[in-house]
Amino acid sequence: MSDPIRLARPDVGEAELEAVSAVLASGQLTMGAKVAEFEDAVARAVGTAHAAAVSSGTAALHLALLALGIGPGDEGIVPAYPFPATANGVGLCGAKAVLVDVDPDTFVLDPPCVAAAVTPRTRAVIAVHLFGRPVEWEVLQTSVPQEVVLVEDAAGALGARYRGMPCGALGVLGCLSFHPRKIVTTGEGGAVTTDDAELDAAVRRLRHHGWAAPGEMPSPGFNYRLPDLLCAIGVPQLARLDQLLAGRERVAGWYEERLEHLVLTPRAADGDRHGWQAYVVQLDRRDDALRALRDEGIEAQIGTWAVHRLGAYRSQGAFPGADRAFERALALPFATTTTEEEVERVSAVLARIARRP
């Protein structure tokens with residue numbers, strides 16, 4: 001058998017190792033200067049006034065919604081085809097996650113479905129730039145009343161742009177993830193981005209047990225801090241963001257050349273820039289393709305989950321777009337370090353499946 005091909009591999013090296021070593025030598029492993037340095041770099045990358053580092057993308061979603069005051073009796077609209085953390089963030093606040101369908105070709109929210117789901121209890125729409133494809137933001141804005149807040153789940157969209165505007169800076173709040181499958185990683189981690197100083201202060205208070213100042217705790221909070229040790233990994237990663245995105249764009253181009261006539265390949269809308277968190281194709285015989293790839297030592301997996309099929313979110317109705325996406329989506333090996341030879345091996349397997357009668 002040929003050498004295995006990994007689904008994902010973080011692009012880390014000497015710069016990250018040296019940064020971690022420096023933090024270890026300093027003895028300041030958490031709540032130190034490296035956190036602020038990382039936050040400044042995130043804010044510059046996204047183009048917002050503020051960025052608060054937190055322990056995960058899920059923590060970012062949870063704290064963003066709490067900062068807005070969302071709680072029991074409220075509703076938050078989420079797509080029926082995201083990673084479940086998006087819906088979980090609403091539920092963790094005690095609010096109801098209201099599912100709406102997605103466009104099965106693009107994986108992102110269908111604005112007419114969003115408009116139909118708004119009720120007097122709707123406080124926010126959590127729009128997911130799934131796998132890095134920007135949501136049609138201006139269309140979404142016109143689909144909801146002005147008092148409904150738009151929050152970005154930009155977990156996979158750092159570096160992506162909608163009409164030239166960075167994802168993570170489109171909504172009132174943006175939520176990022178730095179999981180190892182993301183373009184920039186800290187191992188685990190997340191951030192909340194915003195231009196609103198009061199919302200930023202609320203996120204910072206809630207991530208640190210509820211402390212507003214020493215001895216001042218107006219309400220309880222959480223330990224959702226991101227330590228200096230992990231922020232140290234993220235600083236050199238962010239310094240290479242353009243390089244990392246260009247590397248993923250190169251790999252996506254190799255796949256497009258080989259697969260565009262065989263399967264539905266991902267792309268951004270005209271005028272947008274894809275964030276390329278993952279490379280997810282669609283084909284009718286997805287499960288056959290998944291087995292064939294794994295039989296060849298090639299890691300692959302489904303795109304993500306149709307949330308309405310999970311026990312926590314059943315009984316909200318039919319979501320044919322999410323069902324179609326769930327049944328056809330296949331995540332292929334994808335990283336800045338993926339080679340053209342590896343893309344050729346993956347594509348050869350998919351070509352065999354696509355052409356099989």
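Start your tour at helix α1, which passes helix α8 in a right-handed crossing (right-handed means that the near helix is turned clockwise from the far one by less than a right angle, left-handed anticlockwise). The model is predicted, so local features need pLDDT of at least 70 and side-chain atom pairs count only at pLDDT 80 or more, while totals for chains, interfaces and linings use all residues. Residues are numbered from 1 along each chain as its sequence is written, and side-chain values use heavy atoms, with hydrogens and water left out.

**Stop 1: two helices**

Select residues 14-26 for α1 and 228-239 for α8; they pack at an angle of about 150°, with their axes 8 Å apart. That makes α1 roughly antiparallel to α8, a label for angles over 145 degrees. Axes here are lines fitted to C-alpha atoms, for helices over the stretch in contact, and angles run from 0 to 180 degrees between N-to-C directions. Helices (H or I, at least four residues) and strands (E, at least two) are DSSP runs, numbered from the N terminus.

Now show the side chains of A15, E16, A19, V20, V23 and L24 in α1, which meet D228, L229, A232, I233, P236 and Q237 in α8. Contact means heavy atoms within 4.5 Å. The residues of this contact divide into 9 nonpolar, 1 polar and 2 charged.

**Stop 2: one residue in α1**

Click on A19, found in helix α1. Is A19 buried or exposed? At 16% relative accessibility, A19 counts as buried (under 20% relative accessible area, with a 1.4 Å probe and protein chains only). Leaving aside neighbours within four places in sequence, A19 is in contact with A232 and P236. Try a distance label, too: the C-alpha atoms of A19 and P236 are separated by 7.9 Å, although they are 217 residues apart along the chain.

**Stop 3: a sheet**

Next, find the open sheet of 3 strands, in the order β10-β12-β11, with antiparallel pairing. Two strands pair if DSSP finds at least two bridges between them. At the edges are β10 (279-282) and β11 (301-302), each pairing on one side only. Select β12 (residues 329-332), joined to β10 by 4 bridges; L330 in β12 is the bridge partner of V281.

**Stop 4: helices across the sheet**

Add α10 (residues 286-295), which lies across β11 and β12 at about 20° to β12. Then add α11 (residues 320-328), lying across β10, β11 and β12 at about 40° to β12. Which residues of α11 are buried? They are G321, A322, A325, F326 and R328, and the buried residues of α11 pack against β10, α10, β11 and β12.

Notes. Angles under 35 degrees count as roughly parallel, over 145 as roughly antiparallel, 65 to 115 as roughly perpendicular and the rest as oblique. Ala, Val, Leu, Ile, Met, Phe, Trp, Tyr, Cys and Pro count as nonpolar, Asp, Glu, Lys and Arg as charged, and the others, Gly among them, as polar. Buried means under 20% relative accessible area, exposed over 50%, partly exposed in between (1.4 Å probe, protein chains only).
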